[in-house]
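User: I've got this model open and would like a close look at a single part of it, the aromatic residues that sit together. Could you start there and then work outwards to the rest of the fold?

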Amino acid sequence: MRSPAPAYTSNEGVIEIAEKALGAKVLSSLEAVNEVSFSVDRDTLVETMILLRDTPGLEYQQLMEIAGVDYPERSDRFEVVYCLLSLTRNHRIRVHVQTDEEKPVPSVTGIWPVAGWLEREVYDMYGVLFSGNPDLRRILTDYGFRGHPQRKDFPLSGFVELRYSEEAKRVVYEPVKLAQDFRTFDFQSPWEGTEYLLPGDEKAKLPEAKGAPTPLKADDIVKADAATVQAKAPPSQAKTTETPAQTGIGKASAEAAPKPAAPDVVKKPRAPRKPKAEQ
């Protein structure tokens, strides 16, 4: 393999050829990170795309993607980005147009029919209108969805939520409700966690030995250390025994004396052992 990524034709001369073919339709051009992009007038988008497709030396026959970008601080807050591919020249470019919530962008479905679904995605996510699209409907969100999720000012939680209602026996839409029952966070110390107790967590409140798996607070650790030191402290008085009873063998009594030998057993005297030399 010659390169870790697909190799494309060099960008040399692409901007010059495109600016010569498009003329005043090009508002600005840019080459960065080995990519070429053009910003064109919104009203002349269809004518621009036909020239990019049919002009020798350009020949961008295929529309790969249509993407949206949101810049809320601008008057024309939306940018619609068209990604084009030249199959004969093995080269890619991007075409940018700007619009707002009300000004429609001319549809390019007459040039590339695949743009129908791609324009519906941009409309669904950003609310950009496309004039000339025969079926401009939402394509990714649900029926009755309010707002456009990819806008920067769209709330992360959305406006409505759906659930199955046992009473109505169907899926119903309701305003978003954020339950706060288990959202009490301790922002002072990330190690101690929350204050509420779940079943079984009451054991964690008891002081344990140092190094135990239950996290302890600073004062609890001091108490645990003190208890450990007290448990390991030597006795104040040495342990001594004065009578056999204190050793655990019981009290001394007549029964504890040595028992007499059995009368039937006769012990014979042992013969003296001879020295080794005599053996």
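Analyst: Let's start with the cluster: Phe145, Phe154 and Phe159 make up one aromatic cluster. Keep in mind that this is a predicted model. The structure holds three aromatic pairs, and two that fall within this trio are worth walking through.

Take Phe145 and Phe154 to begin with. Their ring centres are 6.0 Å apart and their planes sit at 25 degrees, so this pair is stacked; the cut-off for that label is planes under 30 degrees apart. Now move on to Phe154 and Phe159: here the centres are 5.4 Å apart and the planes stand at 85 degrees, so the pair is edge-to-face, the label for angles over 60. Phe154 therefore takes part in both a stacked pair and an edge-to-face pair.

How do these rings fare for exposure? Phe154 is buried, with a relative accessible area of 15%, and the limit for that class is under 20%. Phe145 is partly exposed at 28%, and Phe159 also counts as partly exposed, at 39% relative accessibility. So the residue that takes part in both pairs is a buried one, while its two partners are partly exposed.

Step along the chain from Phe159 and you get to Val160, which is found in strand β8 (residues 160-165). Val160 is partly exposed too, with a relative accessible area of 30%. Val160 also has a contact across the sequence: Glu174 is 14 residues away along the chain, yet the two C-alpha atoms are 5.4 Å apart in space.

Now let's zoom out. The chain has four helices and nine strands, and reading along the sequence gives the pattern α-β-β-α-β-β-β-β-α-β-β-β-α. Of its 279 residues, 27% count as buried.

The strand pairing is a good way into the earlier part of the chain. Strand β1 (residues 26-32) and strand β2 (residues 35-40) pair in the antiparallel sense over six bridges, with Leu30 standing opposite Ser37 in β2. The two strands form a hairpin with two residues between them, and Val33 in the turn has a positive phi of about 45 degrees.

Further on, β3 and β4 run antiparallel and are joined by eight bridges; Gln62 stands opposite Leu85 in β4 there. β4 is also joined to β5, again antiparallel, by nine bridges, and Glu79 has Gln98 in β5 as its bridge partner. β4 and β5 form a hairpin with four residues between the strands, where Asn90 takes a positive phi near 55 degrees. So β4 has β3 as one partner and β5 as another. Eight of the nine residues of β4 are buried, so this strand is largely enclosed by the rest of the structure.

That leads to the largest nonpolar core, which has 33 residues, and among these Met49 and Tyr82 touch the most other members. The elements that give two or more residues to this core are α1 (14-22), β2, α2 (45-54), β3 (62-70), β4 (78-86), β5 (91-99) and α3 (115-126). Of these, α3 gives the most, with five residues.

α2 has a further residue to look at, Leu51. Leu51 is partly exposed, with a relative accessible area of 28%. Leu51 and Ala21 are 30 residues apart in sequence, but 7.1 Å apart in space from C-alpha to C-alpha.

Last stop, the second largest pocket. Its volume is about 260 Å³, and it is lined by 12 residues, of which Tyr8, Asn11, Asn34, Glu35 and Arg92 lie nearest its centre. The elements giving two or more residues to that lining are β2 and β5, and the largest share, four residues, comes from β5. By character the lining divides into four nonpolar, five polar and three charged residues. β5 thus turns up in three places on this tour: in the pairing with β4, in the largest nonpolar core, and in the lining of this pocket.

Methods
Residues numbered from 1 in each chain as written. Predicted model: local features only at pLDDT ≥ 70, side-chain atom pairs only at ≥ 80, totals over all residues. Heavy atoms only, no water. Pairing = 2+ DSSP bridges. Core = buried A, V, L, I, M, F, W, Y, C linked by side-chain atoms within 4.5 Å. Buried < 20%, exposed > 50% of the residue type's maximum accessible area, 1.4 Å probe, protein only. 1 Å grid on protein atoms, 1.4 Å probe; cavity = no way out; pocket = protein on both sides within 12 Å on 5 of 7 lines; lining within 4 Å. Points joined across faces, edges and corners; volume = space filled by probe spheres on them. Nonpolar A, V, L, I, M, F, W, Y, C, P; charged D, E, K, R; others polar. Phe/Tyr/Trp six-rings, centres within 6.5 Å; stacked < 30°, edge-to-face > 60°.
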